[in-house]
Amino acid sequence: MPEQAPTEHTPEIPLGSWLADLPDERLIQLLEFRPDLAQPPPGSIAALAARAQARQSVKAATDDLDFLRLAVLDALLVLQADTAPVPIAKLLSLIGDRAGEADLADALADLKQRALVWGDSAVRVAADTSTALPWHPGQVTLEYGSSTGDQIVELIAGLDEAQRDVLEKLVEGSSMGRTRDAAPGAPSDRPVPRLLAAGLLRRVDAETVILPRQVGQVLRGEEPGPTQLTAPDPVVSTTAPGDVDAAAAGAVIDLLREIDVLLQNLSATPVPELRTGGLGVREIKRLAKATGIDEPRLGLILEVVAAAGLIAGGMPEPLPSHGEGPYWAPTPAADRFTDMSAAERWHLLARTWLDLPGRPALLGSRGPDGKLYAALSDSLFSTAAPLDRRLLLGMLAELPAGAGVDAATASAALIWRRPRWSRRLQPGPVGDLLTEAHALGLVGRGAISTPGRTLLDDARDAGDPAVVIDAMTRALPKPIDHFLVQADLTVVVPGPLQRELADQLATVAIVESAGTAMVYRVSEQSIRHALDVGKNRDWMHAFFAGHSKTPVPQGLTYLIDDVARRHGQLRIGMAASFVRCEDPALLAQAVAVAGDLQLRALAPTVAVSPAPVAEVLTALRHAGFAPAAEDSTGAIVDVRPRGARVPAPNQRRPYRPSPRPSSETLHAVVAVLRKVTAAPFGNIRVDPAVAMSLLQRAIKDEATMLIGYLDAAGVATQRVVSPIAVRGGQLMAFDSSTGKLRDFAIHRITSVLSVDDR
């Protein structure tokens with residue numbers, strides 16, 4: 001920063017002239033920071049300057065600024081830098097004791113790189129900068145150190161009804177209010193003077209009061225702050241990076257197991273969808289009970305697997321016997337998912353969560369309309385959710401490895417980084433994000449895991465997914481090929497089993513206790529299930545003897561032998577259709593020529609087939625027979641196939657970051673700007689939108705302008721005017737040449753220039 005302040009006669013440099021003097025690298029950097037300025041490409045430096053000062057562009061440019069940079073803008077507005085240049089020395093004297101000079105210098109340099117501040121020894125800000133702050137100008141600079149959050153809560157608790165009414169009106173509407181009671185001599189027993197005396201209101205002038213920023217935050221139920229211009233330290237614990245990765249890997253093992261259970265449950269019993277979309281409360285409770293997953297965690301898993309395409313809404317095949325549909329059931333992608341490695345499955349789920357345009361934590365709560373948020377419904381949609389996740393993980397990635405946070409400290413750090421997002425970054429929502437990140441293995445013990453850090457880097461740079469998968473592969477424990485059979489017929493698995501071995505164990509035992517070290521139980525029912533799916537007694541004896549690190553209990557051997565001896569004494573065959581004929585010879589002929597139908601005679605007049613009725617009809621007709629289909633009563637039925645249709649599942653809108661111009665595009669834009677630039681605003685015809693912006697600025701500054709104008713006959717003239725209003729595509733201004741008010745059509749104005757810049 002310069003050591004000497006400028007003189008009081010420092011001339012003002014318009015933004016257009018200041019931009020024109022910047023090197024190409026700085027202009028390209030500006031367009032990288034503010035890509036909206038290059039879309040569409042501006043036709044001149046004048047157009048670029050006008051666009052950079054437009055309200056929407058300024059607001060977009062301040063969206064990702066931290067508290068320090070916004071506080072600098074706030075201080076400059078207090079010093080009225082939106083109307084005249086402000087010496088940097090004045091800025092330092094106003095807030096220099098609240099932050100280091102180097103930090104302030106960096107903040108000011110960053111604001112200049114974004115063209116939110118311009119100038120050298122004295123600086124200006126755009127006229128609409130005040131509308132881009134998340135508070136009223138001065139609510140940071142003028143209220144510093146006034147009250148703490150606890151003091152504000154205590155003061156509010158002691159208010160009477162009249163005082164509360166005043167504060168609630170200011171919270172619900174504008175933070176500023178006009179009242180005669182704001183005057184210093186107003187009766188001290190009235191609500192406004194009492195609130196002023198308590199520090200719960202601040203006087204702007206004799207007729208205006210403003211609700212302090214922190215008071216408004218407390219009244220809205222938010223954590224008050226930030227107040228310090230230095231970033232808060234969110235670290236509350238330190239853990240060895242290896243332990244963080246181990247905790248994350250354990251969470252991934254639990255998550256994958258729960259997803260397997262969920263997919264199996266939905267495959268066996270598809271869940272009906274509500275008419276309004278999503279799943280009902282009763283269905284969620286049934287799923288939670290059937291899968292053993294608590295409801296909040298089940299909601300998260302459902303949202304992630306749906307966004308990953310593993311489940312979808314539609315009419316499944318075969319069609320369930322319950323409900324009317326549509327139903328939520330697994331998709332063919334679920335079968336491919338089960339064939340992936342654990343790390344590959346995690347990568348799909350984690351990347352899906354990172355980009356998930358929804359907030360699963362809202363499930364079970366009520367929205368502004370009083371309705372419950374339903375799982376797998378559009379009511380959870382949020383384009384800001386992916387931004388919040390990336391902000392949280394980005395903050396964790398900047399901390400030392402193993403540094404852990406909690407919801408409160410993470411919230412404070414994130415709000416300091418993005419004050420404009422403070423309502424979304426309160427401790428409650430941030431705690432939900434941390435819980436979800438822990439469940440996905442991106443965070444362990446409050447610190448970002450190595451796979452989580454790698455995933456975030458990959459998402460930023462569009463790198464190689466194999467690197468992310470490899471990071472999780474290293475974090476996950478090596479699959480084991482053994483288990484421990486106990487005397488009480490439980491099977492303890494001290495780690496993740498090899499995939500094939502886990503599938504085999506699941507056929508003969510059921511999960512009794514889930515976790516990193518799982519416990520299965522062998523029972524008569526589980527052994528019968530193994531026999532039902534084709535396993536035999538010898539296979540089970542060999543299976544337990546070959547993989548148990550402990551001797552197989554004698555009780556298990558006896559149980560297997562006993563169940564196997566009784567199994568299958570009563571046989572039930574499978575048949576999809578039957579053929580009935582009163583003529584045994586004709587039926588025998590049909591059985592003989594049936595071929596692939598696998599017809600088997602059960603009696604002289606009855607045969608059965610595993611093929612569907614329609615296939616049996618078609619095959620026998622092709623063989624020269626004339627069969628007819630009948631139902632259970634013997635009545636003839638029409639079994640011709642009907643065209644089945646499955647509606648496409650509702651596609652969630654994936655998060656897609658706003659496209660940014662390429663480096664080549666930005667270089668081309670700057671090259672064009674250099675060709676058409678003529679100080680201070682160029683010599684080409686001004687764009688009407690730029691003209692309107694410049695004229696509106698002139699109206700606010702009460703400036704006199706020189707405009708180029710084409711009349712109806714196409715004659716070009718220059719007029720010195722004092723703009724008064726812009727409305728309906730017309731400029732109303734005082735024309736100095738005629739001494740009268742007149743209207744000018746905006747689209748006929750060819751140039752706009754301040755008379756002071758000629």
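Which residue stands opposite V493 in β17? M518 does. Keep that pair in view, because we start there. One caution up front: this is a predicted model.

So, the strands around V493. β15 covers residues 490-493. β15 pairs with strand β17, residues 518-521. The pairing is antiparallel and runs over four bridges. β15 has another antiparallel partner, strand β14, residues 484-485. That pairing takes two bridges. Within it, L484 has V492 as its bridge partner. β14 and β15 form a hairpin, with four residues between them. Look at the turn: L489 sits there with a positive phi of about 70°.

L489 leads us to a helix. L559 lies in helix α26, residues 554-566. What does L559 touch, leaving out residues up to four places away in sequence? L489, S523, E524 and I527. Take I527. Along the chain, L559 and I527 are 32 residues apart. Their C-alpha atoms are separated by 8.5 Å.

Next, the sheets. Let me take two.

The five-strand sheet is open. Its order is β24-β23-β22-β21-β25, and the pairing is antiparallel. At the edges stand β24, 740-745, and β25, 749-754. Each has a single partner strand, so one side of each is left without a neighbour in the sheet. How far are neighbouring strands turned against each other here, on average? By 45°, direction ignored.

Inside that sheet, look at β21, residues 705-710, and β22, residues 716-727. They pair over six bridges, in the antiparallel sense. I707 stands opposite R719 in β22. Now add a helix on top of the picture. α30, residues 688-701, lies across β21, β22, β23 and β25. Against β22, α30 runs at about 70°.

The other sheet has three strands and is also open. The order is β4-β6-β5, with antiparallel pairing. β4, 176-178, and β5, 202-205, are the edge strands, and each pairs on one side only. Neighbouring strands are turned by 30° on average, again ignoring direction. β4 pairs with β6, residues 208-210, over three bridges in the antiparallel sense. There, G177 stands opposite V209 in β6.

On to helix packing. Two packed helices are described by the angle between their axes and the distance between the axes.

α15, residues 295-307, packs against α17, residues 342-354. The angle is about 100°, and the axes are 9 Å apart. Parallel or perpendicular? An angle from 65 to 115 degrees counts as roughly perpendicular, and α15 and α17 are therefore roughly perpendicular to each other. Which residues make the contact? From α15: L300, V304, V305 and A307. From α17: L349, T352 and W353. By class, that is six nonpolar, one polar and no charged residues.

The next pair is α18, residues 385-398, with α19, residues 407-417. Their axes come within 11 Å and cross at roughly 105°. That makes α18 roughly perpendicular to α19. In α18, the contact residues are L391, L392, M395 and E398. They meet A410, A413, L414 and R417 in α19. This contact divides into six nonpolar, no polar and two charged residues.

Last topic: empty space. Rolling a probe the size of a water molecule over the atoms shows where empty space is left. How many cavities of 30 Å³ or more are there? The count comes to two.

The largest cavity has a volume of about 70 Å³. Its lining is F67, R98, Q139, V140, E143, Y144, R213, Q214, P226 and T227. By class, that lining has four nonpolar, three polar and three charged residues.

The second largest cavity holds about 40 Å³ of space. It is lined by S146, S147, I152, G199, P212, Q214 and V215. Here the split is three nonpolar, four polar and no charged residues. Note Q214: it appears in the lining of the largest cavity and in that of the second largest.

To close, back to the opening pair. V493 stands opposite M518, in a pairing of β15 and β17 over four bridges. And β15 is also one arm of the hairpin with β14.

Key: Residues are numbered from 1 along each chain as its sequence is written. This is a predicted model: local features need pLDDT of at least 70, side-chain atom pairs count only at pLDDT 80 or more; totals for chains, interfaces and linings use all residues. Side-chain values use heavy atoms; hydrogens and water are left out. On a 1 Å grid over the protein atoms alone, a cavity is a set of points where a 1.4 Å probe fits but cannot get out, and a pocket is an open set with protein on both sides within 12 Å along at least five of seven lines; lining residues have an atom within 4 Å of a point. Grid points are joined across faces, edges and corners, and a volume is the space filled by probe spheres set on the points. Ala, Val, Leu, Ile, Met, Phe, Trp, Tyr, Cys and Pro count as nonpolar, Asp, Glu, Lys and Arg as charged, and the others, Gly among them, as polar. Axes are lines fitted to C-alpha atoms, for helices over the stretch in contact, and angles run from 0 to 180 degrees between N-to-C directions. Angles under 35 degrees count as roughly parallel, over 145 as roughly antiparallel, 65 to 115 as roughly perpendicular and the rest as oblique. Contact means heavy atoms within 4.5 Å. Two strands pair if DSSP finds at least two bridges between them.
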